[in-house]
Structure formats: C-alpha cells, structure tokens
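Q: Could you take a close look at one part of this model for me, the place where the two domains meet? I would enjoy a connected walk through that interface and its surroundings.

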Amino acid sequence: MRHLGVLAAATLLAATAAIPALAGPETEVKIVLPAGPDRLDPCETPRSVIGRIIKQNVVETLVELNYHDASLIPRLADSWTQDSPTEWTFRLHPGVTFHDGAPFDAQAVIKTLERTTDPALTCITRTKYFDGVDIKAEAVDPLTVKFTTGKPSPILPTLLAQMAISSPNTPKGIYTNEPVGTGPYRFVSWTQGQDVVIERNDDYWGAAPTITKATYVWRAESSVVAAMVQTGEADLAFSIAPQDATNAEMDKVYPNSDSAMFRLSVDIPPLNDVRVRKAINLAIDRQAFLGTIISDQAKVATQQVGPNVLGWNPDLVPWKYDPEEAMRLLAEAKADGVPVETEMRLIGRPAMFANSNEFVQAVGEMLRAVGLNVKMETLEMSQWLEVANKPFDPARKPNIFLTMHDNNSGDAAFTAYFKYHSNGRQSELHDPKLDAMIEEASTLSGEARATAYHKVFRTIYEDIVSDVPLFYMVNYMRVGPRVDFTPTIANAVELQLSKLQLTSS
C-alpha cells in the first residue's frame with residue numbers, strides 16, 4: 001500500500017544533533033519544550049505550552065487536582081464545603097502574599113474570577129471551563145469566599161482547580177506576559193522567541209523547592225532535543241519521538257490526557273454530508289500508525305475523552321479500516337449531487353506531537369487513495385489558533401483539522417461544552433437537542449451524570465460523526481542524570497519544579 005511506504009519513510013527522519021554544552025549550575029535546570037509559548041497569561045495555564053512553565057510554579061490554584069484519580073488536594077484554599085446545590089464556601093490559606101507584595105485574600109480571588117470570565121479575554125480557562133457556567137463570588141470575610149452558580153454545579157471544586165490565581169494588580173481585559181502569582185517561583189523574563197526564565201521565590205508560603213532557577217527553551221526536532229539531554233546541554237525534555245527514545249536509562253514513557261483527532265467542518269460541502277464524514281473515518285488505517293509514527297503504547301480512540309474521564313462511553317468502538325466502504329459511501333454521495341471532489345484543507349501544526357507532520361502526510365495519502373481531494377497545510381501556532389477557535393471564517397474551505405485535546409480534570413463537562421455545544425469556542429456544531437443534553441448532564445452527579453454523558457458522546461460519534469477520533473496518546477520524556485524524576489499523566493499540562501529532585505551527578 002502506498003501509505004505504508006509513507007509510514008516507513010517517516011520513521012527514518014532525523015535531524016542533526018545539537019552542539020554539547022553544560023545545562024547550568026548545580027541548582028539550576030534547563031527544560032526543553034516542543035514549542036514555545038505565544039503568551040504567558042495565567043488564564044491560559046490549561047494550555048500545555050503555558051501550563052508546563054507557570055502552573056503551580058509561578059501561579060497556583062485554590063485546589064490542586066490529583067491527576068491519577070481526579071481527587072482534590074487543598075492548595076491556596078485550606079478547605080471547602082457545599083452549602084446548597086448552587087453554593088460553595090472556600091476558606092483560604094492565611095499569610096500568603098503575591099510576588100508583587102499584594103495580599104492573597106478573598107478580594108484577590110474575586111478579581112481573578114472576574115478577569116478570567118471577562119469576555120474581553122478569550123483565554124482557554126474561560127472558554128473551556130467557565131463558558132456556560134453562571135458563577136459569582138463574594139467575600140464572607142478576608143479569608144472566606146462564597147461561590148454561587150446559576151444552576152447546580154456538583155464539580156465546582158474541580159472547575160476551580162483549573163483557575164490560576166493571579167495578583168489583583170494584573171490588568172483586566174488585556175493579556176499579560178509577566179505573570180504574578182503566589183507560587184514557589186517568580187517570573188523573571190521572556191520575550192517572543194526567547195527563553196523563559198523563572199527563579200525560586202524565597203518568600204514562598206510553603207516548603208522551599210531545591211531547584212533555584214529554571215530556563216525553558218524549545219526545539220521542534222525530536223532528535224535534536226534528545227541529543228541536548230544526552231550531551232548534558234539540557235536536563236529534561238518533553239515529547240521525544242518514539243524512534244529517538246533509544247536510551248533506556250533516560251527515556252520514560254508515560255500516559256497523558258491528550259486525545260488526537262481531526263475536527264471536520266460539518267457545515268461546508270462536502271463535509272456537510274454524513275457519508276463523507278464516515279468515509280474519512282473509514283479511510284484511515286489507525287492501527288498502521290501504532291509502532292511506526294505513533295508509539296505502540298498509544299491506544300486507538302473512540303471519542304474525544306479517554307477512559308479516565310467520568311462520562312467516557314465504554315460502548316463506543318473504534319472505527320474499522322475499510323477503504324472499500326469509504327469509496328462506496330463517496331460514490332453514493334456523489335450520485336446524490338454531493339461535490340465530493342471539492343478540495344479540502346488537511347491542516348496540521350509543527351510539533352503538535354512527535355512526528356505529527358509525518359502523520360498528517362500519511363493520512364493525506366490514505367484519503368487520496370479513496371478518492372478525496374485533500375491539500376495538506378502546516379500552520380504555525382498563531383495561524384492554527386485562528387482556525388481552531390471562533391469566530392470561524394464564513395468563507396473558509398472545508399477543513400480536516402488536526403487537533404489535540406486534553407481532559408485531565410476527570411469530567412466530561414470540560415470537553416462536551418467546549419467542543420460540541422453551539423456556543424462552545426471550538427465547536428462547529430449547532431444542534432439544539434445536543435445542546436440541551438450537554439446542559440442537562442452538567443447539572444447531574446454520580447451515575448446519572450455518567451449516563452447522561454454516555455448519551456452525549458454516542459450522539460456525537462454515531463449519529464452526527466462530527467470528527468475523526470484518532471489516538472489516546474502517550475509521551476516520551478528524556479530525563480538527564482542530574483534530575484531524579486518519573487513523569488506522570490500530570491505532565492501533559494504541568495511540571496511542578498518542586499517535584500524534581502537533583503542527584504549528585
């Protein structure tokens with residue numbers, strides 16, 4: 001098969017090695033990310049490119065999520081109670097100050113909530129977590145905050161685990177690239193295209209971390225990144241490609257909360273015909289990627305959320321690879337006047353995941369093999385974000401849009417609204433019945449909540465077929481000999497420097 005040749009060729013790609021250099025003084029570390037941030041605003045910490053740098057390092061949350069089991073750990077809040085289905089009271093940790101000297105108190109929490117939910121900012125904390133939630137906060141006393149929601153919100157503490165608390169002096173309505181928080185590290189410097197530097201906050205309210213300074217750099221080429229850690233130029237690197245994870249002592253595979261998918265422009269011909277959307281799913285040989293371009297530790301996805309999320313539907317099954325059926329559906333649609341020969345944009349982004357460019361190239365070959373007219377495009381981060389988020393260009397071509405989604409919070413609410421509700425920032429759907437199902441599910445708890453989301457995802461993936469589920473991903477992290485650290489699912493979105501220990505090497 002033609003696409004198998006593309007797969008084989010892709011796995012042989014390699015870049016030149018970096019020139020060795022020392023990582024830095026013994027209490028400092030250098031960390032390599034696959035892509036650089038476009039901003040460092042605290043309200044963008046759910047995005048891994050930002051959260052891995054500043055979440056729980058520079059800025060902290062009221063509640064910390066235990067990503068292993070979705071339990072909650074006190075952080076800036078010492079405790080919380082649910083007073084009614086729509087009311088929660090949080091008691092704050094005393095004696096905490098922000099890096100700029102402002103006090104951490106109830107007013108600071110209220111101002112952060114107001115800034116986060118301000119429509120003037122389209123930051124992901126609001127659009128992914130707070131859109132559709134009518135929430136207000138008021139001070140009971142300087143160290144007590146009462147949250148009130150318009151509808152019952154049984155997972156409010158989990159929701160607040162995603163809201164990074166920033167200084168009350170942080171400007172409203174505009175983004176900042178100089179985050180000020182309460183965390184164990186202070187922001188030092190960053191300009192577009194340059195390294196990010198943070199240093200230990202010696203006035204931190206909690207335990208002092210060992211590492212005194214961290215410098216974050218980014219490189220897209222996996223082999224270069226692997227060589228940087230191998231030679232001591234860096235201490236830790238994310239997203240090593242499977243073919244570069246060749247050092248058993250340094251390379252550590254870990255599950256992450258990311259699922260890869262193609263989002264389809266369901267309103268634009270020919271993607272407005274469900275037969276075409278089904279044909280795209282049937283044309284992709286997902287199994288052929290495992291162990292080649294994609295790690296053999298990844299799993300074929302059935303829906304946007306993974307098994308660790310409350311609401312994941314265990315009855316959904318992966319799409320089979322059936323190019324003959326794909327061609328039959330396309331022929332049937334064409335006979336009914338659907339313009340199946342229309343050119344479609346197959347859109348990827350550099351370093352979205354290891355080998356992502358090679359993956360998109362191979363998928364393009366598979367889609368062309370069944371008769372679809374696709375043109376591959378690779379967009380840089382800012383261009384990709386314009387396509388990913390509303391408002392969508394009304395004159396756009398039909399898109400087959402590669403995206404990654406992490407639901408590390410353990411609840412389907414943080415996927416369903418954002419991705420599939422008519423008002424969701426990354427939703428191309430506008431189905432009133434589905435909207436009502438999503439809204440109803442968010443008010444329920446326990447088994448009733450899980451069952452309601454099962455119906456939501458069954459509707460999306462079996463009836464509407466609005467996208468192309470691909471893989472539940474894993475990452476390879478290369479950890480140098482100076483650092484004692486084992487990655488976990490949490491590192492998909494954050495890397496707490498306080499959890500890294502330095503060895504005597």
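A: Happy to help; what follows starts with the domains, moves to their interface and ends with some local features.

This is a predicted model, in which local features need pLDDT of at least 70, side-chain atom pairs count only at pLDDT 80 or more, and totals for chains, interfaces and linings use all residues. Residues are numbered from 1 along each chain as its sequence is written, and side-chain values use heavy atoms, with hydrogens and water left out.

The protein chain is assigned domain 1 (29–218 + 480–502) and domain 2 (256–474); such bounds come from an automatic or database domain assignment. Between the C-alpha centres of domain 1 and domain 2 the distance is 30 Å. Domain 1 brings 25 residues to the contact and domain 2 brings 24 residues, where contact means heavy atoms within 4.5 Å.

The size of an interface is often given as the accessible area lost when the parts come together. Here, domain 1 and domain 2 bury about 2100 Å² between them, and carbon and sulfur atoms give 61% of that area. Buried area is the accessible area (1.4 Å probe) that two parts lose on being put together, summed over both. On the domain 1 side, Lys128, Ile155 and Ile489 supply 25% of the area buried against domain 2, more than any other three residues.

Lys128 has another role to note: Lys128 forms a salt bridge with Asp406, with 3.6 Å between the closest N and O atoms. A salt bridge is a side-chain nitrogen of Lys or Arg within 4 Å of a carboxyl oxygen of Asp or Glu. The count between domain 1 and domain 2 is 1 salt bridge. There are also 2 residue pairs in polar contact across this interface, both residues at pLDDT 80 or more. A polar contact is a pair of N or O atoms within 3.5 Å; within protein, one must be able to donate a hydrogen and the other to accept it, and residues adjacent in sequence count only if both atoms are side-chain atoms.

Helix H4 (124–130) and helix H5 (156–160) each supply at least two residues of the domain 1 side that touches domain 2. H4 gives the largest share of that side, 4 residues. Helices (H or I, at least four residues) and strands (E, at least two) are DSSP runs, numbered from the N terminus. By class, the side of domain 1 touching domain 2 has 15 nonpolar, 5 polar and 5 charged residues. In this scheme Ala, Val, Leu, Ile, Met, Phe, Trp, Tyr, Cys and Pro count as nonpolar, Asp, Glu, Lys and Arg as charged, and the others, Gly among them, as polar.

Beyond the interface, a cis peptide bond joins Pro269 and Pro270, with omega about 0 degrees. Pro270 sits in the loop between strand E14 (251–264) and helix H7 (274–283). Arg275 forms a salt bridge with Asp336, the closest N and O atoms being 2.7 Å apart. Arg275 lies in helix H7 and Asp336 in the loop between helix H9 (323–335) and strand E16 (344–348), so this pair ties together parts that are 61 residues apart in sequence.
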